[in-house]
Structure formats: C-alpha cells, structure tokens
Amino acid sequence: MLNVEEIVARGAQGGVSDIHIVKGIPVKGRLDGRFVDLTDQPLTDEDCLAIARQLEEGGQEHLGKIGQLDLARTIAGSRVRINLYRQRGHISAALRILSDHIPDLRSLGLPPAALTFPTYRKGIVLVTGETGSGKSTTLAAILDEINHTRQEHIITLEDPVEYIYKMDKCIINQREIGTDTESYEAGLRAILREDPDVILIGEMRDHASMETAMTAAETGHLVFATLHTNSAPDSIDRIVDTFPAERQQQIRMQLSVTLKAILSQQLLIRKGGKGRIVACECMINTPAIANLIRENKTPQMYSSMLSSANLGSITMDNCLLRMVAEGSIDSKTALEAANDKAYLQKKLMF
C-alpha cells in the first residue's frame, strides 16, 4: 500500500511544491511549474482511497456529503495543506507542501514598502494573487515579524491553518474554520470581542467578511487579508462590487480611509527554468489614491501609482521590466505575466 509519509518525504526531498493524486496516473509532483512522476505505477481506485483514508483525519462524513475536504497536517516533517475531492466518482487529492519554517520577511524579494507592513498600527493590508502565488507565505512572514518585534494579540482565521507560529513577544491564537469555529462569518462575528490587536482573515469571501475587516480597521485594529485578484485596482473593484449598489459609495468612503496598502503577487519561473521568483505590484494608499477610490476612478490608479513611486508604489509591469533588466526572468515570462502587454512589448522592443 502507498504510504503518504513516503510520498510527501519524496516530494519534499525533490523540491516539489504540490503533489497530485489521481486515479489512472502515477503520483505527480509540480517542480518549477512542470509535472514529474513521484511513483512508477498508475494509481488504482483502491490506492486513491487508501491515501485519502490516511489523510482525512475523521473527515469521511464531510467528504462523503460535500464532495471535498480541506485540512492541513504535518506529514514526514513538512507542513502540508490538503484538499481531498471527488471527481467522476473517484477520490483525488491535491497536497501543497509548505515550508517547514516561516521565512524571514527580508528573504522573500518583496518591494521595500512591504518590509514596513509589520510597523503599521491600524488599517487594512491586502495581499492578493492567484492560487499558488505565495500569499500565505508573505502573510506568515509579516505576522512573524510582528511576533518578534511587538507585544500584540494576533488572531488568525484560516481555512485551513497552514503555518504554525511559535509565540515570542505576541500572544497568537490561530482559529481553523470548521474545527475551531463553524465558518468565517461566525469567527468574524466573535473576533472583535476577543481583544485582538492584529487580525488575519485568510480569505475575504463576501461582503460580511469585508465589512468586518473595515469595521475592525476603523476601530484601531491592524487587519491583513487575502483576495484572489491580480492587481491593486482590481482588488478595489472586487470589494466594492460585493456590496449592493445602494451601499457602494459608503463602502468606497470606508475603504479610502481604512486601506493602507495592497500587495499583488505572482510566482514566476526564473530565467533558465530553475526555481521560481516573486513579482509584485505594490499600491500604497496615498491621498491621491484615496480620492480615486472615493470617486470610482480605479482605471486612473496606475498613473497615480507611477507618480508615488518614491513612497513605495510599483506597478506589476514595471516590476517585470526591472526583473528582466536584472536577469531574474526572461522577456517571454515577463510578457506572459504582464497586465499591459502592449506597454511591455514596447519597453522590451519586441
């Protein structure tokens, strides 16, 4: 029988970021964006079911009723985020191998402005990007910097808990959705009664979570949250559009006051194909940006970001140009990742 400990150990030793367990093919690992085989033989239904039983930790009923199950565990010395799911009557699994330690914030290659996020005392900081872009790692590094430099009460709401913090100067409570609290909504309803200084919302999914984040920020808390958006202006529109039309102007007003910064990131293949590197867009909420939020002029934010580069803002496209110039990524990778491909083509002289 295939052993999950051996599979994860093999993947971690090989440097893969994700492991996929699917009937009819060998166990696959994602290495620098490409798939490699971690076992020789294709998996049977029985293999997939046996692996699921090793992973699910009593979640059989949930998996049977809902068809999917999220959890995180430490396996073979590595912290692993797990999603079990049904597809066409078969069990599949996707495992994300997390770093076994929280990296130092300065080691991630983030824009200089992001290194100041742990010094903020109140407001909202959003870290955005597609799945697998490193949002969780960035937030863990920010919170751990606070943990080592300030005396605060940090509460996280996560689905599932990924990185485990070792308390230093801070009190840290990590609440897992489905285990420690019924839902994000229930956890958020209670969170302001738990005397937090710093709040992490693993994902802002609806207007209730967004409204709680803004209320917390207005009342003097520092709030970190993630969104699945690809740029800072898109993030503003996503939040506002979650609310009914009659409330959107009020939300724009609240957001213009409470937002501190938005960091949007992508993980890209390094030049030469070995390893990955983060590319970031950073928007600091200046008075000019706040005015554009209030006036519903998000398309004009990029020009405002360019004019506030001295305050730490940088667009994704200019970050990509810098990375090409430094030799971190090639032009093809930059063009594929660009928000404005015509702009990048012109600058790269294609």
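Which residue forms a salt bridge with Arg106, and how far apart are the closest N and O atoms?

1. The partner of Arg106 is Asp104, and the closest N and O atoms of this salt bridge are 3.1 Å apart. These values, like those in the points below, come from a predicted model. Asp104 and Arg106 do not stand as an isolated pair, for salt bridges with shared partners join Asp104, Arg106 and Glu145 into one network. Asp104 is partly exposed, its relative accessibility being 39%.

2. The search of the whole structure yields 16 salt bridges. The pairs discussed in this note are among them.

3. Arg81 and Glu162 form another salt bridge, in which the closest N and O atoms lie 2.7 Å apart. This pair links distant parts of the chain, with the two positions 81 residues apart in numbering: Arg81 belongs to strand β5 (residues 78–87), whereas Glu162 lies in the loop between β8 and β9. Glu162 has a relative accessible area of 7%. Because the cut-off for burial is under 20%, Glu162 counts as buried.

4. A further salt bridge connects Asp37 with Lys28, and here the closest N and O atoms are 2.6 Å apart. Asp37 has a relative accessible area of 47% and is partly exposed. Lys28 is likewise classed as partly exposed, at 22% relative accessibility. The value for Lys28 is 22%, and the class follows because buried requires under 20% and exposed over 50%.

5. Strand β8, which spans residues 153–158, deserves a separate comment. The strand is mostly covered, six of its six residues being buried. His153, Ile155 and Leu157 point one way from β8, while Ile154, Thr156 and Glu158 point the other way. Burial applies to both sets, including the residues His153, Thr156 and Glu158.

6. The pairing of β8 involves two strands described here. With strand β9 (residues 171–176), β8 pairs in the parallel sense over six bridges. With strand β10 (residues 198–201), β8 also runs parallel, and four bridges join the two.

7. Ile154 offers a convenient reference position for inspecting both pairings. In β9, the residue opposite Ile154 is Ile172; in β10, the residue opposite Ile154 is Val198. Ile154 itself is buried and points from β8 the same way as Thr156 and Glu158.

Conventions. Residues numbered from 1 in each chain as written. Predicted model: local features only at pLDDT ≥ 70, side-chain atom pairs only at ≥ 80, totals over all residues. Heavy atoms only, no water. Buried < 20%, exposed > 50% of the residue type's maximum accessible area, 1.4 Å probe, protein only. Pairing = 2+ DSSP bridges. Salt bridge = Lys/Arg side-chain N within 4 Å of Asp/Glu carboxyl O.
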